[in-house]
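I sat down with this one over coffee and kept notes as I went. Here are the entries, in the order I made them.

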Amino acid sequence: MGQHVIAKCECGYEEGFMIGCGMSNCGTMFSFPCLCRDCKRIVDGNLEEQPLTCPECEGNNLEAYDDAELSTGRDGGAVTEWDDRKLTDDPHYCPLCDTFRLRFENTFFMWD
Ligand SMILES: [Zn+2]
Ligand SMILES: [Zn+2]
């Protein structure tokens with residue numbers, strides 16, 4: 001079962017994302033928030049797919065949000081953890097305002 005997180009930034013940006021996979025698609029899908037550098041927005045990437053492909057523009061200019069480049073540190077607690085994938089509560093990069101003020105929150109809403 002997957003998890004649901006909300007990305008929130010001080011600029012007003014707020015969007016929900018799924019992490020993990022559902023009962024029917026485990027093994028072929030692993031949903032994780034990714035930055036699309038072409039769309040300049042956060043999209044649901046499928047980490048089982050290499051190279052990562054943006055569902056919006058179908059480009060490959062994607063970075064998963066557990067990449068060290070997209071947060072100011074990796075010392076914070078885990079907002080959510082799945083296998084070796086981890087989102088911390090450190091400030092992350094917001095593509096809307098181009099600063100590191102975005103944070104992920106776990107809604108503890110499960111999906112399948
Ligand atoms: Zn894109
Ligand atoms: Zn922002």
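**Entry 1: the open sheet.** I began with an open sheet of 3 strands, ordered S4-S3-S5 and paired antiparallel. Its edges are strand S4 (41–46) and strand S5 (62–64), each of which pairs on one side only. I also looked up the twist: neighbouring strands of this sheet are turned by 45° against each other on average, direction ignored. A reminder to myself that this is a predicted model.

**Entry 2: S3 and its partners.** How many bridges join S3 to S4? I found 6, with the two strands running antiparallel. One pair I noted is Ser-31 with its bridge partner Asn-46 in S4. S3 and S4 form a hairpin with 4 residues between them, and in the turn I saw that Lys-40 has a positive phi of about 55°. Then I turned to the pairing with S5: strand S3 (residues 31–36) meets S5 in the antiparallel sense over 3 bridges. There I wrote down that Cys-34 stands opposite Ala-64 in S5.

**Entry 3: Cys-36.** Staying in strand S3, I picked Cys-36. Is Cys-36 buried or exposed? The cut-off for buried is 20 or more other C-beta atoms within 10 Å. Cys-36 has 22 within that distance, so I put it down as buried. Which residues is Cys-36 in contact with, leaving aside neighbours within four places in sequence? My list reads Arg-41, Val-43, Cys-54, Glu-56, Cys-57, Gly-59, Asn-61 and Leu-62. I also took one distance from Cys-36 to Val-5, which is 31 residues away along the chain: their C-alpha atoms are separated by 18 Å.

**Entry 4: the nonpolar core.** Next I looked for where nonpolar residues gather. The largest nonpolar core has 21 residues, and those with the most contacts inside it are Phe-32, Cys-34, Leu-35 and Tyr-65. Strand S1 (2–9), strand S2 (14–19), S3, S8 and strand S9 (99–111) each supply at least two residues of this core. Which strand gives the largest share of this core? It is S3, with 4 residues. As a general note, nonpolar side chains tend to be buried together in soluble globular proteins. I then followed Phe-32 outward: not counting residues up to four places away in sequence, Phe-32 touches Ile-19, Gly-45, Leu-47, Ala-64, Tyr-65 and Arg-85.

**Entry 5: the whole chain.** Stepping back, I counted 9 strands and 0 helices in the protein. From the N terminus on, the elements therefore simply run β-β-β-β-β-β-β-β-β, as strands are what the E runs give. For overall dimensions, I noted that the C-alpha atoms fill a box of roughly 35 × 30 × 25 Å along the principal axes. With 112 residues, a compact globule would have a radius of gyration near 13 Å, and the protein has 13 Å, so the two agree. Buried residues make up 29% of the 112. Of the contacts with a separation of 6 or more, 40% are between residues 24 or more positions apart.

**Entry 6: confidence.** Last, I checked how far to trust the model. The protein averages a pLDDT of 92, and 98% of the residues score at least 70. Where is confidence lowest, and where is it highest? It is lowest in strand S6 (residues 78–82), at a mean of 88, and highest in strand S8 (residues 92–94), at 98. My standing rule is that predicted coordinates should not be read in detail where pLDDT is low.

Key: Residues numbered from 1 in each chain as written. Chains lettered and ligands numbered in written order. Predicted model: local features only at pLDDT ≥ 70, side-chain atom pairs only at ≥ 80, totals over all residues. Rg over C-alpha atoms; globule rule 2.2 N^0.38 Å. Buried ≥ 20, exposed ≤ 12 C-beta atoms within 10 Å, placed from the backbone. Contact = placed C-beta atoms within 7 Å. Pairing = 2+ DSSP bridges. Axes fitted to C-alpha atoms, helices over the stretch in contact; angles between N-to-C directions. pLDDT = per-residue confidence, 0-100. Core = buried A, V, L, I, M, F, W, Y, C linked by C-beta atoms within 7 Å.
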